[in-house]
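Biologist: Please give me a close account of a single part of this model, namely its largest pocket. Which residues line the largest pocket, and which helix gives the most to the lining?

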Amino acid sequence: MVSAVFFVILIAVYIGFIVLQIRLSKMDSKWPGLVLPSITLLLSLVAAITVFVKAGTDMSGYGSMWNVVLSAIIAFLSNNVSTIVLAGIYMYQRDKINRRAELARMNVQDL
């Protein structure tokens, strides 16, 4: 029961972030739409650095340095899924804004 409620709340939070990203990306300035992708990119970098820090203190769980590097790459890539989704939303919305502006310029030139 508790896990179902937690799952519903988690889905609602994800939907809220997506709606927020769409609203930020539709603003006239391009910078607000880059806030959430930047935050998620920084969090994925923190996750990769955490793997290196943990391996520096206790190397017994990883075996070799290649395993540490591979674990850090996997942590970075798996945490960047949300960055890719948010950046995709940003690029789609900015492309729509640019196309509308170009159509408006073409309509002005036609007059």
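Modeller: The following account takes up the pocket, then two of the helices that line it, and then the confidence of the model.

The structure is a predicted model. Its largest pocket holds about 240 Å³ of space. The lining of this pocket consists of Tyr-14, Phe-17, Ile-18, Leu-36, Ile-39, Thr-40, Val-81, Ser-82, Val-85 and Leu-86. By class, eight of these lining residues are nonpolar and two are polar, while none is charged.

Three helices, α1, α2 (35-57) and α4 (81-110), each contribute at least two residues to the lining of the largest pocket. Of the helices, α4 gives the most, with four residues.

Two of these contributors, α2 and α4, also meet in a helix pair: their axes come within 8 Å and cross at roughly 165°. An angle over 145 degrees counts as roughly antiparallel, and α2 and α4 are therefore roughly antiparallel to each other. The crossing in which α2 passes α4 is left-handed.

As to confidence, the chain averages a pLDDT of 90, and 95% of the residues score at least 70. Helix α1 (residues 2-25), one of the contributors to the lining, has the highest confidence in the chain, at a mean of 94. Confidence is lowest in helix α3 (residues 65-79), where the mean is 90. Where pLDDT is low, predicted coordinates should not be read in detail.

Definitions and conventions. Residues are numbered from 1 along each chain as its sequence is written. This is a predicted model: local features need pLDDT of at least 70, side-chain atom pairs count only at pLDDT 80 or more; totals for chains, interfaces and linings use all residues. Side-chain values use heavy atoms; hydrogens and water are left out. pLDDT is the predictor's confidence in each residue, from 0 to 100. On a 1 Å grid over the protein atoms alone, a cavity is a set of points where a 1.4 Å probe fits but cannot get out, and a pocket is an open set with protein on both sides within 12 Å along at least five of seven lines; lining residues have an atom within 4 Å of a point. Grid points are joined across faces, edges and corners, and a volume is the space filled by probe spheres set on the points. Ala, Val, Leu, Ile, Met, Phe, Trp, Tyr, Cys and Pro count as nonpolar, Asp, Glu, Lys and Arg as charged, and the others, Gly among them, as polar. Axes are lines fitted to C-alpha atoms, for helices over the stretch in contact, and angles run from 0 to 180 degrees between N-to-C directions. Angles under 35 degrees count as roughly parallel, over 145 as roughly antiparallel, 65 to 115 as roughly perpendicular and the rest as oblique. A crossing is left-handed if the near helix is turned anticlockwise from the far one by less than a right angle, and right-handed if clockwise.
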